[in-house]
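User: I am new to this structure and should like to understand the terms applied to it. Please explain each one against its definition.

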Amino acid sequence: QLQLVESGGGLVQPGGSLRLSCAASGFVLDYYTIGWFRQAPGKAREGVSCLSKTGGRINYAGSVKGRFTISRDNAKNTVYLHMASLRPEDTAVYYCATVPSVQVSCGPTMNPIEYETWGQGTVVTVSS
């Protein structure tokens with residue numbers, strides 16, 4: 001069974017940092033396009049960053065470019081989202097999601113409906 005489990009969320013002050021993890025089980029993550037998405041209260045889910053299979057494409061939403069970094073550890077079958085210089089507007093539930101890379105590659109649109117397997121989400125709150 002394909003499963004994704006996010007962790008690493010929490011409460012952080014503006015300007016602080018967090019690292020989110022997305023651990024995969026039941027499949028080899030390297031064959032999949034990975035996306036990080038977030039959903040703030042009352043807002044639609046939006047793409048934050050995506051990563052194609054190893055050596056492939058990486059993309060960031062304009063609002064996080066230069067502050068967030070996506071990476072993967074194939075040995076641990078885990079993808080990370082390093083978030084720095086956090087702002088109150090980054091407050092949201094963060095989700096990781098995957099889709100086979102032969103179906104969808106990482107691109108600028110990062111449309112949630114294209115991703116098939118989702119984690120349960122982890123809450124990030126940026127507040128003083």
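Analyst: The questions below concern disulfides, burial, strands, polar contacts and the core. This is a predicted model, in which local features need pLDDT of at least 70 and side-chain atom pairs count only at pLDDT 80 or more, while totals for chains, interfaces and linings use all residues. Residues are numbered from 1 along each chain as its sequence is written, and side-chain values use heavy atoms, with hydrogens and water left out.

User: What makes Cys 22 and Cys 96 a disulfide?

Analyst: A disulfide is a pair of cysteine sulfur atoms within 2.5 Å. The sulfur atoms of Cys 22 and Cys 96 are 2.1 Å apart, so the pair meets that limit. The link is right-handed, with 70° about the S-S bond. Cys 22 belongs to strand β3 and Cys 96 to strand β9, so the disulfide ties together parts 74 residues apart in sequence. Strands here are DSSP runs (E, at least two residues), numbered from the N terminus.

User: How many disulfides are there by this rule?

Analyst: The count comes to 2 disulfides. Cys 50 and Cys 106 also form one, with sulfur atoms 2.0 Å apart. Their link is right-handed, with 75° about the S-S bond. Cys 50 lies in strand β5 and Cys 106 in the loop between β9 and β10 (117-118), so this pair joins parts 56 residues apart in sequence. With the bonded cysteines numbered in sequence order, the pairing is 1-3, 2-4.

User: Why is Arg 38 called buried?

Analyst: Buried means under 20% relative accessible area, exposed over 50%, and partly exposed in between (1.4 Å probe, protein chains only). Arg 38, which lies in strand β4, has 6% relative accessibility and therefore counts as buried. Tyr 80, in strand β8, is likewise buried, at 9%.

User: What makes the link between Arg 38 and Glu 46 a polar contact?

Analyst: A polar contact is a pair of N or O atoms within 3.5 Å; within protein, one must be able to donate a hydrogen and the other to accept it, and residues adjacent in sequence count only if both atoms are side-chain atoms. The side chains of Arg 38 and Glu 46 are joined at 2.7 Å, so the distance satisfies the limit. A second polar contact, of 2.9 Å, joins the side chains of Arg 38 and Asp 90.

User: How do you know that β1 and β3 are paired?

Analyst: Two strands pair if DSSP finds at least two bridges between them. β1 and β3 are joined by 5 bridges, so they pair, and they run antiparallel. Within this pairing, Val 5 stands opposite Ala 23 in β3. Similarly, 6 bridges join the antiparallel strands β7 and β8, where Ser 71 stands opposite Tyr 80.

User: Why do β1 and β7 stand at the edges?

Analyst: The open sheet of 4 strands has the order β1-β3-β8-β7, with antiparallel pairing. β1 and β7 each have a single partner strand, so one side of each is left without a neighbour in the sheet.

User: What makes a set of residues a nonpolar core, and which members touch the most others?

Analyst: A nonpolar core is a set of buried Ala, Val, Leu, Ile, Met, Phe, Trp, Tyr and Cys residues joined through side-chain atoms within 4.5 Å. The largest one has 36 residues, of which Trp 36, Phe 68, Leu 81, Met 83 and Tyr 94 touch the most other members. Strand β9 gives the most to this core, with 5 residues.
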